[in-house]
Amino acid sequence: MDEYGDTWAPPAQVLAELTARWGRTHKIAWTGRFWLATHHHPRAPWRSQIEPTPEMLESRLRAHYGMPPGPPVDRAKRRRDVP
């Protein structure tokens, strides 16, 4: 649940979506509390990102790297309460 009270899809589902989208350039992980993205190239600028929500992580990654090389994710389906 985020700071607005929204309930998100199970972490395994979100992890699969983020990996499909950013997996070519980053290793994505869920710690149980934070979302992590680490660039595969050790000399990449902004090699690691740590954020509390998947949306914040994607926003940061897009700000630093542009659009990801993977397929787009349907954001409406990520939330449990949206049909």
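**Salt bridges and the nonpolar core**

Start with arginine 21: with a relative accessibility of just 6%, this residue counts as buried. In this predicted model, arginine 21 doesn't sit there without a charged partner, since its side chain meets that of glutamate 58 in a salt bridge, with an N to O distance of 3.2 Å. The pairing ties together distant parts of the chain: arginine 21 belongs to helix α1 (residues 11–22) and glutamate 58 to helix α2 (residues 54–65), 37 residues apart. Glutamate 58 is buried too, at a relative accessible area of 1%.

That pair is one of two salt bridges in the structure. Another joins arginine 60 to glutamate 51, whose closest N and O atoms lie 3.1 Å apart. Here the two ends fall into separate classes: glutamate 51 is buried, at 8% relative accessibility, whereas arginine 60 comes out as partly exposed, at 42%.

Next comes the nonpolar side of the picture. The largest nonpolar core is made up of nine residues, namely Ala9, Val14, Leu18, Trp22, Ile28, Trp35, Ala37, Leu57 and Leu61. Helix α1, strand β2 (35–39) and helix α2 each put in at least two of them, and α1 gives the most, with three.

Alanine 37, a member of this core, is worth a closer look. Setting aside its neighbours within four places in sequence, alanine 37 touches core residues Ile28, Leu57 and Leu61. The rest of its contact list runs through His26, Lys27, Arg47, Ser48 and Gln49.

Key
Residues numbered from 1 in each chain as written. Predicted model: local features only at pLDDT ≥ 70, side-chain atom pairs only at ≥ 80, totals over all residues. Heavy atoms only, no water. Salt bridge = Lys/Arg side-chain N within 4 Å of Asp/Glu carboxyl O. Helix = DSSP H or I, 4+ residues; strand = E, 2+ residues; numbered from the N terminus. Buried < 20%, exposed > 50% of the residue type's maximum accessible area, 1.4 Å probe, protein only. Core = buried A, V, L, I, M, F, W, Y, C linked by side-chain atoms within 4.5 Å. Contact = heavy atoms within 4.5 Å.
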